[in-house]
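Reader: Hi, could we go through this one together, slowly? I am new to reading structures and would like to ask as we go.

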Amino acid sequence: MLRPFFAICVLLLAGLLSGCQAPAGAQAANATTPPAPTTPAAATTEVPTLPPPQPVTATPSPTSTPSPTATATGTATITPSPSPTATPIGPCTERVPTDDLLTLVTRTYPLSRNYTPGDLVAILPYFPMGVTLGYPTEVRQVMLQPLITIVEAMQSDGLAPFIISGYRSYSAQAIARQKWESKYPAWVDQISAIPGTSEHQLGTTVDFGSPELPDIVGEPDIQFHTYFYMTREGIWLEEHAHEYGFTLSYPRDTLELTGFYYEPWHYRYVGVEMATMLKEQGITLTQYLLETQPIPCIPTPEP
Ligand SMILES: [Zn+2]
């Protein structure tokens, strides 16, 4: 079970993956024989290109601000209403968002090292070992039931999805990043996300796996590969994930927008309504938020 990350790294180094890391329990394993990096463009040409996303036409606001309730005071004093000034924002390195399902996280708009979701729960008790593979992953409470539901729906359709990774703390990301930077400095941006820029820090994102992947890739221990989109689990998720509130964060050809290469296994819970809207529009949550919401923080230059 510890060899898989070795295979992950092979693919990361091949440029097929970008922001994904192995679960904490697997990171230290089997790094004794690192693979020789190959050119990243070698295999990506086999990935079909999708049509460009549709422009955003619907711009619903996810929340509405209630109007203040008028209160009779018995006096004629008129209290001026607050002027609609913009909310002051600080640097992204200090951004500690509320536990909102629609927090924007990109390389440009990272999270603070101090942000930890407030309702993390360990998922091991809620899934059979065959689903979690024993990895001690956590997710936010708000997405636990949707995650159970989507996995059960897949199983009902004869599939056998894995949940390979969920919440990842800033510090865990920093440790992983440092490790890979020392090993492969030229490749680190494709191997490991910069701390604060991973949606896994939100606790509402999971990486799915498929038992079909090793045969498709031809690598016995592979867990992450672009060819996940060819597995039955990957096909099902692409078609149905939105019905359960999940959205694919990093589709093909969105590197410039999201900062991540194609990750067909990486799904984020945003609620059924938002996920369905994104699916119908053919856009990512990142695109939607950038086009409809004010920037959440002052971007920090990349190192
Ligand atoms: Zn992921």
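Author: Gladly, and one definition will help with the labels: helices (H or I, at least four residues) and strands (E, at least two) are DSSP runs, numbered from the N terminus. Please also keep in mind that this is a predicted model.

Reader: OK, so using those labels, where is Asp253?

Author: Asp253 sits in the loop between β5 (246-248) and α10 (255-258). Its phi is near 60°, which is a positive value in a residue other than glycine.

Reader: And what is the usual sign of phi?

Author: Most residues other than glycine have a negative phi. Leu133 is another residue to look at here, since its phi is positive, about 60°, although it is not a glycine. Leu133 lies in the loop between α4 (129-132) and β2.

Reader: Going back to Asp253, is that residue buried or exposed?

Author: Asp253 counts as exposed, because its relative accessibility is 59% and the cut-off for exposed is over 50%.

Reader: Changing topic, what holds the zinc ion?

Author: The zinc ion is coordinated by His200 through NE2, by Asp207 through OD, which is listed twice, and by His266 through ND1, at 2.0 to 2.7 Å. Along the chain, these donors follow the spacing H-x6-D-x58-H.

Reader: What kind of geometry does the site of the zinc ion have?

Author: The site is irregular, with angles of 52 to 158° among its 4 donor atoms. For comparison, the ideal angle at a metal with four tetrahedral donors is 109.5 degrees.

Reader: Are His200 and Asp207 buried or exposed?

Author: Both His200 and Asp207 are buried, and for Asp207 the relative accessibility is 0%.

Reader: What else does the side chain of Asp207 meet?

Author: The side chain of Asp207 also meets that of Arg168 in a salt bridge, at 4.0 Å from N to O. This pair links distant parts of the chain, with Arg168 in the loop between β3 (162-165) and α6 (170-183) and Asp207 in strand β4 (residues 205-209), 39 residues apart. Arg168 counts as buried too, because its relative accessibility is 6% and the cut-off for buried is under 20%.

Reader: How many salt bridges turn up in the whole structure?

Author: A search of the whole structure finds 5 salt bridges. One of them is between Asp119 and Arg140, whose closest N and O atoms are 2.7 Å apart. These two also link distant parts of the chain, as Asp119 is in the loop between α3 and β1 while Arg140 is in strand β2 (residues 138-140), 21 residues apart.

Reader: How covered are those two partners, starting with Asp119?

Author: Asp119 is partly exposed, with a relative accessible area of 23%, whereas Arg140 counts as buried at 5% relative accessibility.

Reader: Then which residue forms a salt bridge with Glu199?

Author: The partner of Glu199 is Arg268, and the closest N and O atoms of this pair are 3.0 Å apart. Glu199 lies in the loop between α7 (188-191) and β4, and Arg268 lies in strand β6 (residues 266-269), so the salt bridge ties together parts that are 69 residues apart in sequence. Both Glu199 and Arg268 are buried.

Reader: What about disulfides, how many are there?

Author: The search of the whole structure finds 1 disulfide, which joins Cys92 to Cys297 with an S to S distance of 1.9 Å. The pair links distant parts of the chain, with Cys92 in the loop between α3 (41-44) and β1 (120-122) and Cys297 in the segment after α12, 205 residues apart.

Reader: Which hand does the disulfide of Cys92 and Cys297 have, and why?

Author: The disulfide is right-handed because the torsion about the S-S bond is about 85°. Both of its cysteines, Cys92 and Cys297, are buried.

Reader: What makes up the nonpolar surface patch?

Author: Ile89, Ile295 and Ile298 make this patch, which covers about 230 Å². Ile298 is placed in the segment after α12 (285-292), and it counts as partly exposed at 40% relative accessibility.

Reader: One last thing, where is Val105, and how far is it from Leu289?

Author: Val105 lies in the loop between α3 and β1 and counts as buried at 1% relative accessibility. Although Val105 and Leu289 are 184 residues apart along the chain, their C-alpha atoms are separated by 9.9 Å.

Methods. Residues numbered from 1 in each chain as written. Predicted model: local features only at pLDDT ≥ 70, side-chain atom pairs only at ≥ 80, totals over all residues. Heavy atoms only, no water. Donors = N, O, S within 2.8 Å, 3.2 Å for Na, K, Ca; no water. Tetrahedral: all angles 85-135°; square planar, octahedral: opposite > 155°, others 65-115°. Buried < 20%, exposed > 50% of the residue type's maximum accessible area, 1.4 Å probe, protein only. Patch = residues over 30% accessible without salt bridge, like charges linked within 9 Å, V, L, I, M, F, W, Y side chains within 5 Å. Areas by Shrake-Rupley, 256 points an atom, 1.4 Å probe, with all protein chains shown as cover. Disulfide = S-S within 2.5 Å.
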